[in-house]
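Trainee: I would like to learn how to read surface patches, burial and salt bridges. Could we take them in that order?

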Amino acid sequence: MTAEGDPSDSTRLALIDFAALAVTFFSLGVTLQVVLIDAGVSVWRSFGASAVIYSATSQFAYLAVRDAGGSDGAAIAAGAIVATRFGILAMSLIPRLPRGRTRRTAAALNAFDPNVAVGVQHATPRAVEREFWRTTAAMMIGWFPGIAVGTFLGDVLGDVDQFGLDALFPAALLAIIGNLLRTREGLTAAVTGGLV
């Protein structure tokens, strides 16, 4: 519970948003695994990679370069470049969290687009930390069952684009940052980022 009058109450991740985020990450996990296995990555290797990396965008970047004829080194570099944003996200989050090396390190290692976007909308370090970990929990509750189901479905689903699963993640991210887009600073950041 937040303190009475906490301005972050209005941007707290609601239960329906929590569930939607979990479903989104479930779908993303299924989609990624089907794409990986369809691209020829072995079942257990694809599952192991997704369980450790947590970054679908990095894995998609890896596949895109590899499928275009690039070397494994170039594909890994592409995935790593895409993942550098997590370091930037962690740097924006850490100063807003309560003090403590262990809790800040744990948060930095789990800094992703949705949980940082939700966390930084809050006014107090305690609220930032609470909503960051609630969002992280929603993501992981969806992600791990998703990659498990996707691994065992393999290529049974066929072309994942026909189900529209590829559109779920960007749509969810847009919904998450919606509150920030209502502010002048948030809108300026979004337009600048889009132009870059």
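Mentor: A nonpolar patch joins nonpolar side chains within 5 Å, taken from residues with over 30% relative accessible area and no salt bridge. The model here is predicted. Val43, Trp44 and Phe152 make a nonpolar surface patch of about 380 Å².

Trainee: Is Phe152 of that patch buried or exposed?

Mentor: Exposed means over 50% relative accessible area. Phe152, in helix H7, has 63% relative accessibility and therefore counts as exposed.

Trainee: Which residues does Thr136 touch, leaving out those up to four places away in sequence?

Mentor: Asn110 and Asn115. With the side chain of Asn115, the Thr136 side chain makes a polar contact at 2.8 Å. Thr136 lies in helix H7, residues 125-153, and counts as buried because its relative accessibility is 4%.

Trainee: How many salt bridges does a search of the whole structure find?

Mentor: Four. One of the pairs to look at is Asp113 with Arg85, 3.0 Å from N to O. Asp113 is in helix H6 and Arg85 in helix H4, so this pair ties together parts 28 residues apart in sequence. Asp113 counts as buried at 17% relative accessibility, while Arg85 is partly exposed at 23%.

Trainee: Which residues are joined into one network by salt bridges that share partners?

Mentor: Glu131 forms a salt bridge with Arg130, at 2.6 Å between the closest N and O atoms, and with Arg134, at 2.9 Å. Glu131 and Arg134 are three residues apart in helix H7, about one turn. Shared partners join Arg130, Glu131 and Arg134 into one network. Glu131 is buried at 0% relative accessibility, whereas Arg134 is partly exposed at 24%.

Methods
Residues numbered from 1 in each chain as written. Predicted model: local features only at pLDDT ≥ 70, side-chain atom pairs only at ≥ 80, totals over all residues. Heavy atoms only, no water. Helix = DSSP H or I, 4+ residues; strand = E, 2+ residues; numbered from the N terminus. Buried < 20%, exposed > 50% of the residue type's maximum accessible area, 1.4 Å probe, protein only. Polar contact = N/O pair within 3.5 Å; in protein donor to acceptor, adjacent residues only side chain to side chain. Contact = heavy atoms within 4.5 Å. Patch = residues over 30% accessible without salt bridge, like charges linked within 9 Å, V, L, I, M, F, W, Y side chains within 5 Å. Areas by Shrake-Rupley, 256 points an atom, 1.4 Å probe, with all protein chains shown as cover. Salt bridge = Lys/Arg side-chain N within 4 Å of Asp/Glu carboxyl O.
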